Amino acid sequence: QWADQASLDAIRVLASAGNIEGFALILSYRDEEVKEGDAVFKCLDFIKKEGERVETIHVTDLDVEQTNKMVSSVLEQEPERTLELTKVIHGKTAGNPFFVIQFIQMLRHESFLKYNFMILEWEWGDINKMDQLASVSDNVADVIAASMSKLPQSCLLAIQNASCLGKVIPMQVIIEFFRKCG
């Protein structure tokens, strides 16, 4: 829903290019942010008419049971063992799959979730304490900014400089940057 016209034109070309071996075009958008008549809506309509094979998948928030399947899979634990942890995660994220993953990563970075190398499994402490202290923003930009703030200073400097160079940065420029910084 935030695509510019040049990007939408490129998407139209790719969608109508025919069967390109090994190529899949995957687009995502929020239904509530795309309205009939918008440039994005017109692009999607074009793809549905011109595309050879179009699949639409509606992703919604996960319920507690689905979230628990995700958490137990990520932590390689039985769902019964992760249910209380999942309730905290679901309460903080409302089951948004993106936020669930981000929240699990935050729990790991904040040492609420630790891997025990002696018994080769994930462990977590007091669920009530975790519930009180751990939080996640409902703004994707805040979550990304918080994650980025934990990167080493050299990475942040590289990202800052790269942001001035546009969408595509030649690998040689990146190599030279790190050669001079290192």
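This briefing walks you through the fold, the surface and the cores of one protein chain. The model you are looking at is predicted. The chain is built from 9 helices and 2 strands, and its radius of gyration of 21 Å is well over the 16 Å that the globule rule gives for 182 residues, so the chain is more spread out than a compact globule.

**Overall fold**

- If you read along the sequence, you meet the elements in the pattern α-α-α-α-α-β-β-α-α-α-α.
- Along its principal axes, the C-alpha trace spans about 55 × 50 × 30 Å.
- Take the contacts in the chain with a separation of 6 or more: 54% of them are between residues 24 or more positions apart.

**Surface and charge**

- Out of the 182 residues, 24% count as buried.
- The accessible surface of the chain comes to about 13,200 Å², and carbon and sulfur atoms hold 55% of it.
- The chain carries 18 positive and 27 negative charges, and the mean positions of these two groups are 5 Å apart.

**The nonpolar cores**

- The largest nonpolar core has 17 residues, and those with the most contacts inside it are Leu85, Ile89, Leu107, Leu113 and Met130.
- Five elements to look for here each give two or more residues to this core: helix H3 (64-75), helix H4 (79-93), helix H5 (97-109), strand S2 (121-124) and helix H6 (127-133).
- Helix H5 provides the largest share of this core, with 5 residues.
- Apart from this core lies another one, made of 8 residues, including Ile11, Val40, Cys43 and Ile47.

**A closer look at Ile89**

- Which residues touch Ile89, leaving aside its neighbours within four places in sequence? They are Thr67, Val71, Val100, Phe103, Ile104 and Leu107.
- One of these partners, Leu107, is also listed with Ile89 among the residues with the most contacts inside the largest core.

**A loop residue to find: Ala24**

- Where is Ala24? Ala24 sits in the loop between helix H1 (5-15) and helix H2 (39-50).
- Is Ala24 buried or exposed? Its relative accessible area is 57%, and exposed means over 50%, so Ala24 is exposed.
- You can also compare Ala24 with Leu62: the two are 38 residues apart in sequence, and their C-alpha atoms are 26 Å apart in space.

Definitions and conventions:
Residues are numbered from 1 along each chain as its sequence is written. This is a predicted model: local features need pLDDT of at least 70, side-chain atom pairs count only at pLDDT 80 or more; totals for chains, interfaces and linings use all residues. Side-chain values use heavy atoms; hydrogens and water are left out. Helices (H or I, at least four residues) and strands (E, at least two) are DSSP runs, numbered from the N terminus. The radius of gyration is taken over C-alpha atoms; the globule rule is 2.2 Å times the number of residues to the power 0.38. Buried means under 20% relative accessible area, exposed over 50%, partly exposed in between (1.4 Å probe, protein chains only). Contact means heavy atoms within 4.5 Å. Accessible areas come from the Shrake-Rupley method with a 1.4 Å probe; for residues, only the protein chains shown count as cover. Lys and Arg count as positive and Asp and Glu as negative; His and the chain ends are not counted. The place of a charge is taken as NZ of Lys, CZ of Arg, CG of Asp or CD of Glu. A nonpolar core is a set of buried Ala, Val, Leu, Ile, Met, Phe, Trp, Tyr and Cys residues joined through side-chain atoms within 4.5 Å.
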